Amino acid sequence: MEDRLGRSAVSSEPSAGARVLGVEGGGTKTEWLLAEAGADGTLRIIRAGVLSAANLKLIDDEGLRDLLSVLDSEATHVGAFLAGCASAADHKRLRRIVESVWPGARIVCGSDRESAMTTAFGGGDGMIAIAGTGAVVHGRSDRRIEKAGGWGQLLGDRGGGYHIGMQALRCALTHCDLDDEAPPFAHRILRMLGLNRPDELVDWVSQADKMSVARLAPVVFDAAREGDAEMESIVRAGAEILADYATAVGRKLRAERLPIRLFGGLFVNYPEYVALFRDRLGEARNASVEVCRESGALGAARLVLSDGKWGAAAVCIGSAAMDRGELAAAVTEQSNPRSANLERLSTRELVDLFVSEESRVGESLAACAAQLCAAIDVTAEALRRGGRLFYAGAGTSGRLGVLDASEIPPTFGASPEMIQGIIAGGFHALHRAVEGAEDEPEAGALSMLQRGVGTGDAVCGIASSGRTPFVLGALRKARELGASTIFLTCNPARARQAPPWDVEIDLPTGPELVTGSTRLKAGTATKVALNMLSTAVMIRLGKVRGNTMIDVSISNEKLRDRGVRIVSQSLNISYLEARERLEKSDWNVRACLASE
């Protein structure tokens, strides 16, 4: 049997020390926390994090099961509250999936609205206004529920980040049409996206997901703060429609003075948005409007701990401290005595010091030659048998992995699936920091499931310090799935895993000239190591003859010239004859050489 909140028939009374897992899934992210229950029903948070989106209407059973499976397997109480969980059939489906991951746990399921309301008010009445990627207002009075907004990005999301970003894009292109030039805020957007011309926005937005568009909102807020009248108007309109939604919800509930709690990045990060919201509501509302900085996952945990009873919310009393001693001890975090007075050096002295320091890169690679050989052999064997190589990293390490993977198809004519880069924080982390992305081993583990890593594949985790949680989580899951594991670090003094990874490469690059800036020596050494790994593997797979790339993808005039010279030199024929042969073979160098 189960009720409206999807409670299963397992014993409901949590004992002291119970491991309580709260999960709140939405259209752009899934927040979770793991807590320990006290004898008095309070919660002590052990860990918390963020995973990818989990709207029940937009995710299939396998995808949701994969997402949940990377969370604590020993949880005794699990509260799962997802967007899109509305009907009895939705509740049944969600509970069935959750029970397949935690078969012995006490389970409560429901909508993310219920978890957010519980975070904000426990069992009391009130309204929540959410302004994140999307936007919606929910209200509860005497167990009656009403809402306004929440119609998704195509028809609604007014007042959310997506809507604000789209308004700014439209405004920018209107200026281009009317004034023949882009306004300053449009140039900021172009720089943020790595685009050169306003017309490139059309292609970009046609492929962008709603979170990518919502990430433009900070540009709008910055421009508004600097006095851009049009951006001020967009921000004001967003806050005002949300306030109007709140007024409408109160009217529907016949309870217009309900307290209001504000959720989402736009309210949390921009106090002016809160002020505009309050102003629209009027002075009488000011005392009842507050920003809620707690996660909806806390409400999910409270609901399962209280057996789904809104009025019995547990109190969170703090979180476990994180041990940062291992990071502080990493060689890459130590001070370099050779650079103790950088600000006093002349430009020439700085250059000489950097050149001298980079010479240590070659020494560190030579010291790990045997391990590099082992990594090449393991990877070549995996790819020869039809497997794939995955690089997993965060920050600079992740970007280097993505860069190396992206260069293999044009250089060696290999499939883009053969070597893939995975970076904590996803696409946006390639050109800017994504706060906290590297701290979650669960996200690393999930990335392995989402890429379909399995027996026959090889996974190379890249972490200069040797302790990045995202990378270690990816490697653990990869090993569990039967893949070969390679760990590349620049910290020989790191704490070792038990059992060890299949290949471990710890480049002894030493402390950086700028303390902790591993984009310097460590980054150079990592880039060279990845160059060696992928290039040597391609050689082992027959992608190189002599020292020429016989599978090079010829896509421009420079590469056509290179292909002609390869054929000319390999077959000892004239440049003109080589070009004619390549044209006849559709610019396929391998086929041209094989015809002899």
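This report describes salt bridges, cysteines, surface patches and a pair of glycines in one protein structure.

The model is predicted, and the values below are therefore computed from predicted coordinates.

## Salt bridges

The structure holds 33 salt bridges, and three of these contacts are set out in the table, each with the separation of nitrogen and oxygen and the accessibility class of one partner after the other.

| Salt bridge | N to O distance | Carboxylate partner | Basic partner |
|---|---|---|---|
| Glu99 and Arg95 | 2.6 Å | Glu99, 26%, partly exposed | Arg95, 16%, buried |
| Glu381 and Arg385 | 2.5 Å | Glu381, 30%, partly exposed | Arg385, 70%, exposed |
| Glu480 and Lys477 | 3.0 Å | Glu480, 59%, exposed | Lys477, 10%, buried |

Glu99 and Arg95 belong to helix α2, which spans residues 88-101, and because they stand four residues apart in that helix, about one helical turn separates them. The side chains of these two residues meet with nitrogen and oxygen 2.6 Å apart. Arg95 counts as buried because its relative accessible area of 16% falls under the 20% cut-off, whereas Glu99, at 26%, is partly exposed because that value lies between the limits of 20% and 50%.

In the pair formed by Glu381 and Arg385, the closest nitrogen and oxygen atoms are 2.5 Å apart. Glu381 is partly exposed, with a relative accessible area of 30%, while Arg385 is exposed, with a relative accessible area of 70%.

Lys477 and Glu480 are both part of helix α19, made of residues 469-480, where they lie three residues apart, about one turn of the helix. Lys477 counts as buried at 10% relative accessibility, but its partner Glu480 is exposed, with a relative accessible area of 59%. Elsewhere, Arg236, Glu240, Asp244 and Arg280 are joined into one network by salt bridges that share partners.

## Cysteines

The structure holds zero disulfides. For Cys460, the closest cysteine sulfur is that of Cys490, and the two sulfurs do not form a bond because 11 Å lies between them, while a disulfide requires sulfur atoms within 2.5 Å. Cys460 counts as buried, with a relative accessibility of 1%, and Cys592 likewise counts as buried, with a relative accessibility of 2%.

## Surface patches

Asp177, Asp179, Asp180, Glu181 and Glu230 form a negative patch on the surface. One of its members, Glu230, is found in helix α10, which covers residues 229-253, and with a relative accessibility of 35% Glu230 counts as partly exposed.

A nonpolar surface patch of about 480 Å² is made by Trp151, Leu154 and Leu155. Leu155 lies in helix α4, made of residues 152-155, and it is classed as exposed because its relative accessible area is 77%, a value that must be over 50% for that class.

## A pair of glycines

Gly386 is found in the loop between helix α16, residues 369-384, and strand β12, residues 389-393. At 63% relative accessibility, Gly386 counts as exposed. Gly386 and Gly473 are separated by 87 residues in sequence, and their C-alpha atoms are 24 Å apart in space.

Terms used. Residues are numbered from 1 along each chain as its sequence is written. This is a predicted model: local features need pLDDT of at least 70, side-chain atom pairs count only at pLDDT 80 or more; totals for chains, interfaces and linings use all residues. Side-chain values use heavy atoms; hydrogens and water are left out. Patches are made of residues with over 30% relative accessible area and no salt bridge: like charges are joined within 9 Å, nonpolar side chains (Val, Leu, Ile, Met, Phe, Trp, Tyr) within 5 Å. Accessible areas come from the Shrake-Rupley method with a 1.4 Å probe; for residues, only the protein chains shown count as cover. A salt bridge is a side-chain nitrogen of Lys or Arg within 4 Å of a carboxyl oxygen of Asp or Glu. Lys and Arg count as positive and Asp and Glu as negative; His and the chain ends are not counted. The place of a charge is taken as NZ of Lys, CZ of Arg, CG of Asp or CD of Glu. Helices (H or I, at least four residues) and strands (E, at least two) are DSSP runs, numbered from the N terminus. Buried means under 20% relative accessible area, exposed over 50%, partly exposed in between (1.4 Å probe, protein chains only).
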